[in-house]
Amino acid sequence: MPERAASCRDTTRVYRSASGPVHALRGVDVDVVAGQVTAIVGPSGSGKSTLLRILAGLDRPTEGTVHVAGTALAGLSRRGRRALRRRHIGFVFARPADNLVPYLTAAEHLRLAAELRGVDVGDEPARLLRALGLDHRAGHRPVELSGGEQQRLALAAAVIGRPALVLADEPTAELDRASAAALVAGLHDLAGLGVALAVATHDPVVVESADRVVLIHDGEVVS
Ligand code: ADP
């Protein structure tokens, strides 16, 4: 895994809206490094989700370059971008229900995620369930898991197959404090395995524990 798992340079995103152009990002430089949790912090509307979507290859910058796993996203066809996303990018949304399939058990989620990743993951599913305190939940469906367990399962599915980059958008937003702390511990355990994690968040528990904090205001990185 490259040390700088993802980076964007001079990245701008302008949305067209009925009331005129919206400058969601104005020339940002960000690095997401393997083995670290990078918190992306800023008030609502500052551009955090836009930045995550661009790093995930789900949206294209209006200007600037984005590299993931050593590959420039702009140079890829739609198909090539999809292949890179499958292999190298994991994503965790804020709402547990958006991350999980109601009729699959925890173990089945990880099997499906591994299949989609397209690599041999060996005993990684069992190890991840153990590492995230979910081994006793392997046979359970999302409705039988707490919100915190659901988000840890989503994190396990995002991380399986060792993608270069895992992105999470407000992953603790719907969790109580104890569950948020457990998820944060999980993020750091995974970083310890060499995963690069970028987490858009307002949550002080995530921010205080992060290895790096990127503060965004009004589409610009201020520190
Ligand atoms: P955050 O995640 O920090 O709340 P966003 O990245 O969602 O910020 O939004 C940044 C700015 O871009 C906001 O002003 C938002 O209203 C605007 N924006 C986001 N998505 C769109 C869109 N699809 N069309 C128009 N404006 C958008």
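Here are legends for three close-up views of this predicted model.

**View 1. The residues around the ligand.** Let's start with the shell: Tyr15, Val22, Ala24, Pro43, Ser44, Gly45, Ser46, Gly47, Lys48, Ser49 and Thr50 surround the ligand. Two elements each give two or more residues to this shell, namely β2 (20–33) and α1 (48–55). Helix α1 gives the most, with three residues.

**View 2. Polar contacts to ligand oxygen atoms.** Which residue places a polar side-chain atom 2.7 Å from an oxygen atom of the ligand? Look for serine 49, whose side chain provides that atom. The backbone takes part as well: an N or O backbone atom of glycine 47 sits 3.0 Å from a ligand oxygen, and a polar backbone atom of serine 46 is 3.1 Å from an oxygen atom of the ligand. On its own the ligand has 560 Å² of accessible area, and the protein covers 61% of that.

**View 3. A patch of positive charge on the surface.** Now we turn to the arginines: Arg60, Arg78, Arg79, Arg82 and Arg86 come together here as a positively charged surface patch. One of them, arginine 86, belongs to helix α2, which spans residues 78–88.

Definitions and conventions:
Residues are numbered from 1 along each chain as its sequence is written. This is a predicted model: local features need pLDDT of at least 70, side-chain atom pairs count only at pLDDT 80 or more; totals for chains, interfaces and linings use all residues. Side-chain values use heavy atoms; hydrogens and water are left out. Patches are made of residues with over 30% relative accessible area and no salt bridge: like charges are joined within 9 Å, nonpolar side chains (Val, Leu, Ile, Met, Phe, Trp, Tyr) within 5 Å. Accessible areas come from the Shrake-Rupley method with a 1.4 Å probe; for residues, only the protein chains shown count as cover. A salt bridge is a side-chain nitrogen of Lys or Arg within 4 Å of a carboxyl oxygen of Asp or Glu. Lys and Arg count as positive and Asp and Glu as negative; His and the chain ends are not counted. The place of a charge is taken as NZ of Lys, CZ of Arg, CG of Asp or CD of Glu. Helices (H or I, at least four residues) and strands (E, at least two) are DSSP runs, numbered from the N terminus. A residue is near a molecule or strand if one of its heavy atoms lies within 4 Å of it. A polar contact is a pair of N or O atoms within 3.5 Å; within protein, one must be able to donate a hydrogen and the other to accept it, and residues adjacent in sequence count only if both atoms are side-chain atoms.
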